[in-house]
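Here are a few notes to read with the model open beside you. Take the points in order, and look up each residue as you go.

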Amino acid sequence: MQYIPLTMVLIAALITIVIGLVKKFEIIFCLKILSIVIILFYIIGNIVKNILIAIMKMNDEQDEENKEDEQAEDGRADEPNDTSEKSGDDFEE
């Protein structure tokens with residue numbers, strides 16, 4: 001998870017440099033664009049990382065709730081039902 005922003009920045013920087021070299025931009029202009037791209041993609045990468053962490057936390061919480069529900073259901077299934085004693089056939093007229 002911690003490498004997401006770094007990976008996004010490196011890929012964006014590589015693409016920017018390749019485009020700058022292919023289009024034969026001036027070095028100063030290419031460096032200005034590169035620094036803007038690095039900052040923007042670092043911010044975007046951190047946002048993506050935080051979103052993914054939040055999603056993983058929500059999934060973990062839901063998994064824990066599901067396990068607790070299953071354990072509660074298993075506990076209720078083990079208890080005997082006392083409904084046989086309360087049937088309507090036992091009443092005398």
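1. Let's begin at K24, just after helix α1, where the backbone takes a positive phi of about 60°. Keep in mind that this is a predicted model. Most residues other than glycine have a negative phi. K24 is not a glycine, yet its phi is positive.

2. Where does K24 sit? It is found in the loop between α1 and α2, the latter covering residues 27-78. Is K24 buried or exposed? Its relative accessible area is 71%, and exposed means over 50%, so K24 counts as exposed.

3. Now step back to helix α1 itself, which runs over residues 4-22. A nice check is to ask what its 19 residues should span. At 1.5 Å a residue the expected value is 27 Å, and the end C-alpha atoms are 27 Å apart, so the two agree.

4. Which residues of α1 are buried? They are P5, V9, A12, A13, T16 and G20. These residues cover an arc of only 105° around the axis, which means that they lie on the same side of α1. Turn the helix around and you will find the exposed residues L10, L14, L21 and V22 on the face turned away from that buried side.

5. T16 is a good residue to zoom in on, as a member of helix α1. With a relative accessible area of 14%, T16 falls under 20% and is therefore buried. What does T16 touch? Leaving out residues up to four places away in sequence, its contacts are C30, I33, L34 and V37.

6. Please look at the aromatic rings too. How many aromatic pairs does a search of the whole structure find? There is one. It joins F25 and F29, whose ring centres are 5.4 Å apart; their planes stand at 75°, so the pair is edge-to-face. F25 is partly exposed, with a relative accessible area of 40%, and F29 is also partly exposed, at 41%.

7. Finally, the overall picture. The protein has two helices and zero strands. Of its 93 residues, 12% are buried. The accessible surface comes to about 8,400 Å², and carbon and sulfur atoms account for 60% of that surface. Take the contacts between residues at least 6 apart in sequence: 71% of them join residues at least 24 apart.

Conventions:
Residues numbered from 1 in each chain as written. Predicted model: local features only at pLDDT ≥ 70, side-chain atom pairs only at ≥ 80, totals over all residues. Heavy atoms only, no water. Helix = DSSP H or I, 4+ residues; strand = E, 2+ residues; numbered from the N terminus. Expected span 1.5 Å × (residues − 1). Buried < 20%, exposed > 50% of the residue type's maximum accessible area, 1.4 Å probe, protein only. Arc of directions from axis to C-beta. Contact = heavy atoms within 4.5 Å. Areas by Shrake-Rupley, 256 points an atom, 1.4 Å probe, with all protein chains shown as cover. Phe/Tyr/Trp six-rings, centres within 6.5 Å; stacked < 30°, edge-to-face > 60°.
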